[in-house]
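Here's a quick briefing on a few helices and how they sit in the fold. Have the structure open as you read.

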Amino acid sequence: MNTTELQRTKQRYNIVGNSDGLNHALDVALQVAPTDLSVLIIGESGAGKEIIPRVIHDNSPRRREKYFAVNCGSIPEGTIDSELFGHEKGSFTGAIGESEGYFGIANKGTIFLDEVGELPLATQARLLRVLETGEYIRVGGQEIRKTDVRIVAATNVNMRKAVSEGKFREDLFYRLNTIPIQMPPLRDRGEDIILLFRLFAMQMAEKYRLPKITLTGEARQIMLQYKWPGNVRQLKNITEQMSVLSEKREIDAETLLHFIPRDQDSTELSTVQPAGTHTYESEREILYKILYELRGNVSDLRRDLNNVRKQLEESRQLNGAGGFRSAPPTVSNLPATTDKPTLNPPAAIGQVEDAEAEEISEPETLNLNDMGRQLVEKALERNNGNRKKAAQELGISDRTLYRRIRQYGLDKD
């Protein structure tokens with residue numbers, strides 16, 4: 001890193017700060033400037049990405065040619081192709097004449113595509129062709145035109161996520177990302193925050209002839225720890241507000257907190273994890289919460305089943321013993337109509353088969369009496385004494401079957 005050249009660049013473009021992230025971004029920009037490689041600047045909104053393409057263009061062989069900065073997110077989707085690539089007369093409503101478009105006008109120069117992640121997919125295909133071959137076609141035209149333009153792009157979105165979601169072409173992303181430059185967020189620039197505050201305070205004092213505001217030690221610490229979701233743009237706005245609205249010229253912590261937004265996301269002070277560390281506390285808490293809720297759901301379900309079993313038992317007792325002799329006893333999940341003595345013999349036979357196939361309970365209070373013993377015996381006989389298969393046929397667990405075998409004394413037979 002050439003320190004002298006770096007400081008000269010900062011003075012030329014009025015760049016304030018000396019953090020490692022900022023210095024690295026400027027150093028990469030100066031190194032790539034003499035080439036024609038495409039550059040993708042990545043950083044949060046308000047972090048100052050727009051200064052990097054200007055540095056690249058002014059230090060490149062194209063510095064005497066035209067430079068255009070195009071905000072792709074501010075141009076309507078229906079006219080973005082015309083703005084970039086031009087159009088023929090009458091190609092669409094309102095096209096009263098021909099238009100060269102930025103790629104035609106900026107030939108031999110540089111185009112800065114800000115918010116490139118907002119480009120429609122159709123425009124992305126056109127842009128990829130320009131990057132690969134230098135060729136493009138005007139909207140409504142047929143003639144292939146050539147252009148020699150250096151492209152520098154910037155985005156504040158996660159481009160890899162956009163690619164995975166099909167919102168941005170993967171081939172275009174890699175074509176633009178030949179040289180990536182990461183612009184650090186303000187919260188990671190340390191003492192640069194205070195230097196920028198002093199600059200903005202001085203500019204306001206000179207412009208409006210106001211006494212310059214300063215910070216107390218406590219307010220200074222709050223500035224350094226605040227997350228600054230709006231980055232440099234937000235810091236400038238807050239400094240300007242305090243310069244005009246604050247009666248105090250020495251801003252203390254109480255005064256500063258009146259100007260910092262109070263929503264939870266932005267007022268939470270930033271914390272920095274040691275490099276190379278990762279915590280799984282949040283993931284663990286989520287898993288604990290899910291397991292706790294599942295345990296509660298299972299407990300509620302078991303309690304409801306027990307209540308249903310008790311109601312069925314009470315219903316059977318009210319119906320009397322005759323009902324049980326006239327039709328086979330039912331278990332927990334069979335309809336109560338099987339206990340009614342009005343069933344004809346075929347229906348009763350069907351209910352016996354259902355009872356054998358559908359018992360799924362884990363009864364703690366359910367009494368199967370003699371017929372329950374017969375059902376277990378028949379299941380064991382049909383499966384040649386294989387308890388596992390018998391349990392599966394009865395629709396109960398192995399442990400429940402073993403308890404019934406011991407209860408009925410079948411293990412002694």
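In α3, the buried residues (under 20% relative accessible area with a 1.4 Å probe, protein chains only) are Ile-52, Pro-53, Val-55, Ile-56, His-57 and Asp-58. That's six of the eight residues of α3, so this helix is largely enclosed by the rest of the structure. Bear in mind that this is a predicted model, where local features need pLDDT of at least 70, side-chain atom pairs count only at pLDDT 80 or more, and totals for chains, interfaces and linings use all residues. Residues are numbered from 1 along each chain as its sequence is written, and side-chain values use heavy atoms, with hydrogens and water left out.

**α2 against α3**

- The axes of α2 (residues 20-32) and α3 (residues 51-58), fitted to C-alpha atoms over the stretch in contact, come within 8 Å and cross at roughly 30°.
- That makes α2 roughly parallel to α3 (angles under 35 degrees count as such).
- The crossing of α2 and α3 is right-handed (the near helix is turned clockwise from the far one by less than a right angle).
- Contact (heavy atoms within 4.5 Å) involves Ala-25, Leu-26, Ala-29, Leu-30 and Val-32 from α2, meeting Ile-52, Val-55 and Ile-56 from α3.
- By class, this contact of α2 with α3 has eight nonpolar residues, no polar and no charged ones.

**α11 and its surroundings**

- Helix α11 (residues 231-245) has 15 residues and reaches 21 Å from its first C-alpha to its last, close to the 21 Å expected at 1.5 Å a residue.
- Buried residues of α11 include Val-232, Leu-235, Ile-238 and Met-242.
- Among the elements covering the buried residues of α11 are α9 (192-208), α10 (217-225), β9 (250-251) and α12 (253-259).

Notes. Axes are lines fitted to C-alpha atoms, for helices over the stretch in contact, and angles run from 0 to 180 degrees between N-to-C directions. Helices (H or I, at least four residues) and strands (E, at least two) are DSSP runs, numbered from the N terminus. Angles under 35 degrees count as roughly parallel, over 145 as roughly antiparallel, 65 to 115 as roughly perpendicular and the rest as oblique. Ala, Val, Leu, Ile, Met, Phe, Trp, Tyr, Cys and Pro count as nonpolar, Asp, Glu, Lys and Arg as charged, and the others, Gly among them, as polar. The expected span of a helix is 1.5 Å times one less than its number of residues. Buried means under 20% relative accessible area, exposed over 50%, partly exposed in between (1.4 Å probe, protein chains only).
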